[in-house]
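Ready to practise reading a protein fold? Keep the sequence and the 3D view side by side and try each task before you look at its solution.

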Amino acid sequence: MRTAQGTPSWLGAVNDRVGLSALLDHGPLTRNRICELVGVSKPTASMMMSRLIAAGVIEERGQVAGNPGRSATLYAARTDRPLGVAIAIEAEELRASVVDAAGGERPVVRTILSADPAQRDAVREVRDAIRDASVAAGTDPAVVHSVCIGTAGYVDPGEAGTLFSETLPGWPVTGLRRTLETELGVAVFVENDVNLAAIAERESGAGEGRDVFALLWLGNGVGASFDVAGDLHRGSFGGAGEVGFLPLSAAAQALDEHAVTSQDLAGAAAVRRMAAAHGLASVDHRSALEAIAASEARDAIIEELGERVAHISLPLLATLDPGRLVLAGPTAIVGGQALAAAVERGIRRLSRWYPEVVSTRVEDDPVLHGARAFLTAKVRDDLLGTVARLSLS
């Protein structure tokens, strides 16, 4: 009995996926260049392009000069559908951007959010984000088929889908993903912001090319993410890396009488207390960081912060034993490599571990960057899967 694998239609489906992948990765290509990249003959490449044009996923994009007297047709992937929308939500702002299968840059739209839970509505806010991002990108919101929402918190993957987040007032506490998918008609992924920051580091930052790394987020709160060979460890209940709530050791608590948890020791409130101890006034986390960055006491504060971060890093090192620890988030950006060096020294002084500690290399909106990378892979897989099904039908 003959199976589908090895039949002409199966081989055609494989070739079509590879050909479309080449166009998504490299941009417009001639038939000869496709032959070189994919490793097929010219007749096979021509059949591939004909099938992909008929499927509506590529198009002819002009011609380039070839041999004397002849021109070669350029083929390009269509990136106007399917599309996704990446969303990053903080306490006071939502940012959104359209995502296509090629990962092309699209405009980012920003929306100021109300602090009043009565004025908030999850379905309305996500629907508006899809609409506004599509308008900014000049694309059709009707072809958006998936959304990735990055937020400080996480959704339990269990049946109830419980939301654990303090930055989404007025949003459903249970069934958030199901509610959004039902009302909006798109696939919805609700992802922890620190996990998305790790995806951004893996794609084009300090995690690039690393087998295993841990990311420690230092912002309003403290959180962590574990990347193992490109896969994020989220845990059975979605809460892996929620280290901000861990109680401190006696040695760590001795560094700050106000601190009981890791978040107390290195989160926003701790940074403001450290700034105040050096005579620096602030009204919030951002102004405290700005004051520290401009102060003559910057080096002393960073050294003290490094000792604190070293203490809260120990549970991560004992759990994963990574070769690299990436410091990310607003506090880490201000501290830079000086903070990373202080943390590395502290870890070696306090423990038997000796990871390389580095500062983030994705300073511009890492959560949205990670949501875009996450969603690009989803949109691309869906597009390639559609092409394979069409080729086999």
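The exercises below use a predicted model, and each task is followed by a worked solution.

**Exercise 1. Two helices that meet**

Task: Find helix H2 and helix H3, and work out how they are oriented towards each other.

Solution:
- Start by locating the helices: H2 covers residues 31–38 and H3 covers residues 42–54.
- Two packed helices are described by the angle between their axes and the distance between the axes.
- For H2 and H3, the angle is about 105 degrees and the axes are 9 Å apart.
- Angles of 65 to 115 degrees count as roughly perpendicular, so H2 and H3 are roughly perpendicular to each other.
- Now look at the contact: Arg31, Asn32, Ile34 and Cys35 come from H2, and they meet Lys42, Ala45, Ser46, Met48 and Met49 of H3.
- Sorted by class, the residues of this contact are 5 nonpolar, 2 polar and 2 charged.

**Exercise 2. An open sheet of three strands**

Task: Which strands stand at the edges of the sheet with the order E1-E3-E2, and why does each have one side without a neighbour?

Solution:
- Read the order first: this is an open sheet of 3 strands, and its pairing is antiparallel.
- Strands E1 (29–30) and E2 (58–65) are at the edges; each has a single partner strand, so one side of each has no neighbour in the sheet.
- Next, follow the pairing of E2 with E3 (residues 71–77), which is antiparallel and has 6 bridges.
- You can pick out one bridge by eye: Ala65 is partnered by Ser71 in E3.
- Finally, add the helix: H3 lies across E2 and E3, and runs at about 135 degrees to E2.

**Exercise 3. A sheet with mixed pairing**

Task: Trace the sheet with the order E13-E12-E11-E14-E15, then find which helices lie across E11.

Solution:
- This open sheet has 5 strands, and its pairing is mixed.
- Its edge strands are E13 (231–232) and E15 (356–359), each pairing on one side only.
- E14 (residues 324–328) and E15 run parallel and are joined by 4 bridges; Val326 stands opposite Val358 in E15.
- Helix H6 (residues 193–204) lies across E11, E12, E13 and E14, at about 130 degrees to E11.
- Helix H12 lies across E11, E14 and E15, at about 165 degrees to E15.

**Exercise 4. Enclosed space**

Task: How many cavities of 30 Å³ or more does the structure have, and which residues line the largest cavity?

Solution:
- Rolling a probe the size of a water molecule over the atoms shows where empty space is left.
- The search of the whole structure gives 1 cavity of 30 Å³ or more, and the largest cavity holds about 70 Å³ of space.
- Its lining consists of Val271, Met274, Leu289, Ile292, Ile301, Ile302, Leu305, Thr331, Val334 and Gly335.
- Helices H9 (268–277), H10 (285–294), H11 (298–320) and H12 (330–350) each give two or more residues to this lining.
- By class, the lining has 8 nonpolar residues, 2 polar and no charged.

**Exercise 5. Open pockets**

Task: What are the volumes of the largest pocket and the second largest pocket?

Solution:
- The largest pocket holds about 1,500 Å³ of space; among its 44 lining residues, Glu90, Trp217, Gly219, Asn220 and Pro330 are the closest to its centre.
- This lining divides into 16 nonpolar, 14 polar and 14 charged residues.
- The second largest pocket has about 400 Å³, and E10 gives the most to its lining, with 4 residues.

Methods
Residues numbered from 1 in each chain as written. Predicted model: local features only at pLDDT ≥ 70, side-chain atom pairs only at ≥ 80, totals over all residues. Heavy atoms only, no water. 1 Å grid on protein atoms, 1.4 Å probe; cavity = no way out; pocket = protein on both sides within 12 Å on 5 of 7 lines; lining within 4 Å. Points joined across faces, edges and corners; volume = space filled by probe spheres on them. Nonpolar A, V, L, I, M, F, W, Y, C, P; charged D, E, K, R; others polar. Axes fitted to C-alpha atoms, helices over the stretch in contact; angles between N-to-C directions. Parallel < 35°, antiparallel > 145°, perpendicular 65-115°, else oblique. Contact = heavy atoms within 4.5 Å. Pairing = 2+ DSSP bridges.
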